[in-house]
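Let's take a walk through this structure together, one region at a time. Please keep the sequence and the model side by side as you read.

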Amino acid sequence: MKKIFFFTFLSLSLSCIAQDSLRTDTISFSGLQAAEVSAQAVDVGNVTKIQADSAYVRGNYAIAAQLYEALLEKGESATVYYNLGNSYYKAGEMARAILNYERALLLQPGDSDIRANLEVAQAKTIDKVEAESEIFYVSWLNGLINTMNVDAWAIGGIVFFLFFLGAICIFIFSKRVIWKKIGLFSGLAFFAMAVLANVFASRQKTRLMAKDYAIVMSPSATVHSTPSENGTTLFVVHEGLKVYVTDRSMRGWTEIRLGDGKVGWIPASHIELI
């Protein structure tokens, strides 16, 4: 009777852990290999995807960007955001390239190609804002969380929990003390990893849903002390700069914070949320 109750409890626990996974339309895609991409690479219509890739290969970057934008209306994809960023980069539109690289990175935070192209595009912007330093373990933890996206962490959490169940079975049914010890300690380790994986998945999900970062899209924009053109001018920002959005409650205005801690209000039309 105790064993039946035990396995019933574990099954319910597994269901609770699995339900927090967020499914996003993301596809692993290292580099823009438009000449080799198959029609099945993105499930948004074969002809449109082939046309977008072909336009990019032919050097028609403006047309390719329009086609990739149309694809995104049918569903988000890290691949398409990345290709769109490449198209805008080739067309010389750095702000839009950075915006789409950032959106791709939200869906695939561990993709080194996306991050590398983003850094190249950011190097071509005017504003070089030094970010406030983080405590080393915070930077390390964020780096660890960003090695995988929300789906990968959620799947990892489920896998580790299944390993935990197997280890507990070994602990319960084994007759030898050595196997009971192995089952107990490995079970505790797997359970800890399952919890961490689900915490990391939750963190990635929060980042994905928050929409609290934006890119400056105008060639230059004045930041004021108040949400009004009559407010004191604090500083000027330029296209391509990534800013943190702190307040969107004022119609037509957004309060932003730069990486170095500067805060002010900017017309909402000058920025676009990532």
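K211 sits in the loop that joins helix α9 (177-210) to strand β1 (213-216). Before going further, please bear in mind that this is a predicted model. K211 is not a glycine, yet its phi is positive, at about 55°. Is the residue buried, partly exposed or exposed? With a relative accessibility of 34%, K211 counts as partly exposed, because that value falls between the 20% limit for buried and the 50% limit for exposed.

Let's turn now to helix α4. This helix covers residues 78-90, and its 13 residues should span 18 Å at 1.5 Å a residue. The C-alpha atoms at its two ends are indeed 18 Å apart, so the expected span and the model agree. At the N-terminal end you will find S77 acting as a cap, with a side-chain oxygen 3.2 Å from the backbone nitrogen of T79. Just after the helix, G92 takes a positive phi of about 85°.

How many residues of α4 are buried? The count is 11 of 13, so α4 is largely enclosed by the rest of the structure. The buried residues are A78, T79, V80, Y81, Y82, N83, L84, G85, N86, S87 and Y88. A general point about helices helps when you look along such a list: an α-helix has 3.6 residues a turn, so residues three or four places apart point the same way.

Two of these residues lead us to other helices. Y88 brings us to A65, which lies in helix α3: 23 residues separate the pair along the chain, while their C-alpha atoms are 6.6 Å apart. A65 has a relative accessibility of 4%, so it counts as buried. Y82, in turn, can be paired with D113, 31 residues away in the chain, with a C-alpha separation of 9.1 Å. D113 belongs to helix α6, and at 26% relative accessibility it counts as partly exposed.

L84 takes us into the nonpolar interior. The largest nonpolar core has 39 residues, and L84 is among those with the most contacts inside it, along with Y68, Y101 and I215. Helices α2 (46-57), α3 (61-72), α4, α5, α6, α8 (150-173) and α9 each supply at least two residues of this core. Which of the elements gives the most? That is α5, with 10 residues.

Helix α8 can be checked in the way we checked α4. Its 24 residues should span 34 Å at 1.5 Å a residue, and the end C-alpha atoms are 35 Å apart, which agrees. Here the N-terminal cap is N149, whose side-chain oxygen lies 3.3 Å from the backbone nitrogen of D151. D151 itself is one of the buried residues of α8, and others include W153, F161, F164 and L165.

Next, let's look at open space. The largest pocket has a volume of about 1500 Å³. Its lining is made up of 37 residues, and E102, A131, E134, Y213 and K242 lie nearest the centre. Helices α5 (94-107), α6 (112-122), α7 (136-145) and α9, together with strand β4 (242-247), are the elements that give two or more residues to the lining. What classes of residue line the pocket? There are 15 nonpolar, nine polar and 13 charged residues.

Strand β4 points us to our last stops. M250 is placed in the loop between β4 and β5 (253-257), and its relative accessible area of 40% makes it partly exposed. M250 and P227 are 23 residues apart along the chain, and 7.2 Å separates their C-alpha atoms. Moving on into strand β5, you come to I256. This residue is buried, with a relative accessible area of 0%. I256 and I266 are 10 residues apart in sequence, and their C-alpha atoms are 7.2 Å apart in space.

How values were computed. Residues are numbered from 1 along each chain as its sequence is written. This is a predicted model: local features need pLDDT of at least 70, side-chain atom pairs count only at pLDDT 80 or more; totals for chains, interfaces and linings use all residues. Side-chain values use heavy atoms; hydrogens and water are left out. Helices (H or I, at least four residues) and strands (E, at least two) are DSSP runs, numbered from the N terminus. Buried means under 20% relative accessible area, exposed over 50%, partly exposed in between (1.4 Å probe, protein chains only). The expected span of a helix is 1.5 Å times one less than its number of residues. A polar contact is a pair of N or O atoms within 3.5 Å; within protein, one must be able to donate a hydrogen and the other to accept it, and residues adjacent in sequence count only if both atoms are side-chain atoms. On a 1 Å grid over the protein atoms alone, a cavity is a set of points where a 1.4 Å probe fits but cannot get out, and a pocket is an open set with protein on both sides within 12 Å along at least five of seven lines; lining residues have an atom within 4 Å of a point. Grid points are joined across faces, edges and corners, and a volume is the space filled by probe spheres set on the points. Ala, Val, Leu, Ile, Met, Phe, Trp, Tyr, Cys and Pro count as nonpolar, Asp, Glu, Lys and Arg as charged, and the others, Gly among them, as polar. A nonpolar core is a set of buried Ala, Val, Leu, Ile, Met, Phe, Trp, Tyr and Cys residues joined through side-chain atoms within 4.5 Å.
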